[in-house]
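This report describes a protein chain through its helices and the contacts between them. Please keep the sequence and the three-dimensional view at hand while reading.

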Amino acid sequence: MAENEEINTETLQSSFPAGRVKRIMKLDTEINKVNSDALFVISNATDLFLKFLTEKSSEVAIEKKRKTIKLEHLRMAVKRHRPTADFLLDSLPMPPPVQISSKTDRSHKSDEKKKNSVPAGTRGIDSFFKKCE
């Protein structure tokens, strides 16, 4: 029996940097030291969980006949898997509302966007150069 068994000498590597995972784990005030075995298990569990989420989100994107996974696909995948939805759904950002408008509204809105292309809470440079009356 020992002759037929092959020993797997391949070492498993996590795709996440160990130092960063350790730092994230230490954000919990109850954790003072992190054992290397615990770090390995957490890193690999995180890797498996992200692969699972990616696969499920990909399935949703394919169902919707899309090639790119978007936030709505991720949210749908999380909703379909009850254990994941229980803890993760509230943490995901809400997708922006979709606005349906006519073609004339689009051209008018694009003109407004060109005029107001500065981010909210800032002002354009042209207002700086206007003469004070």
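The sections below go from the overall make-up to individual helices and residues.

## Overall make-up

The coordinates come from a predicted model, and every value given here was computed from that model. The protein has six helices and zero strands, so that, on the definition of these elements used here, its pattern along the sequence reads α-α-α-α-α-α.

Of the 133 residues in the protein, 16% are buried. When contacts between residues at least 6 apart in sequence are considered, 27% of them join residues that are at least 24 apart.

## How H1 meets H2

Helix H1, which covers residues 18-25, packs against helix H2, which covers residues 36-63, at an angle of about 95° and with the two axes 10 Å apart. Because angles from 65 to 115 degrees count as roughly perpendicular, H1 is described as roughly perpendicular to H2.

On the H1 side the contact is made by Ala18, Val21, Lys22 and Met25, while H2 contributes Leu39, Ile42 and Ser43. By character, the residues of this contact of H1 with H2 divide into five nonpolar, one polar and one charged.

## An aromatic pair between H2 and H4

The structure holds one aromatic pair. It is formed by Phe49 and Phe87, whose rings lie 6.0 Å apart from centre to centre with 40° between their planes, an arrangement that is classed as tilted. The pair links distant parts of the chain, since Phe49 belongs to helix H2 and Phe87 to helix H4 (residues 82-88), with the two positions 38 residues apart in sequence.

Is Phe49 buried or exposed? Phe49 falls in the intermediate class and is partly exposed, because its relative accessible area is 26% and the buried class requires a value under 20%.

## Leu53, Ser57 and Ser58 in H2

Leu53 has its place in helix H2 and counts as buried because its relative accessibility is 9%. If residues up to four places away in sequence are not counted, Leu53 touches Leu74, Val78, Thr84 and Leu88. The C-alpha atoms of Leu53 and Ala77 are separated by 7.3 Å, although these residues are 24 residues apart along the chain.

Ser57 also lies in helix H2, and at 2% relative accessibility this serine counts as buried. Leaving aside neighbours within four places in sequence, Ser57 is in contact with Ile69, His73, Leu74 and Ala77. Ser58, likewise placed in helix H2, counts as partly exposed at 27% relative accessibility. The C-alpha atom of Ser58 is separated by 8.3 Å from that of Leu74, which is 16 residues away along the chain.

## The loop between H2 and H3

Lys65 lies in the loop between H2 and H3, and with a relative accessibility of 74% this lysine counts as exposed. The backbone at Lys65 has a positive phi of about 60°, although the residue is not a glycine.

## H3 and the surroundings of His73

Which residues of H3 are buried? They are His73, Arg75, Ala77 and Val78, and these buried residues of H3 pack against H2 and H4.

His73 lies in helix H3, which spans residues 71-80, and counts as buried because its relative accessibility is 1%. The side chain of His73 reaches the backbone nitrogen of Lys70 at 3.0 Å. Apart from neighbours within four places in sequence, His73 is in contact with Ser57, Val60, Ala61, Lys64, Arg66 and Thr68. The contact with Ser57 appears from the other side as well, for the list given above for Ser57 includes His73.

Note on methods:
Residues numbered from 1 in each chain as written. Predicted model: local features only at pLDDT ≥ 70, side-chain atom pairs only at ≥ 80, totals over all residues. Heavy atoms only, no water. Axes fitted to C-alpha atoms, helices over the stretch in contact; angles between N-to-C directions. Helix = DSSP H or I, 4+ residues; strand = E, 2+ residues; numbered from the N terminus. Parallel < 35°, antiparallel > 145°, perpendicular 65-115°, else oblique. Contact = heavy atoms within 4.5 Å. Nonpolar A, V, L, I, M, F, W, Y, C, P; charged D, E, K, R; others polar. Phe/Tyr/Trp six-rings, centres within 6.5 Å; stacked < 30°, edge-to-face > 60°. Buried < 20%, exposed > 50% of the residue type's maximum accessible area, 1.4 Å probe, protein only. Polar contact = N/O pair within 3.5 Å; in protein donor to acceptor, adjacent residues only side chain to side chain.
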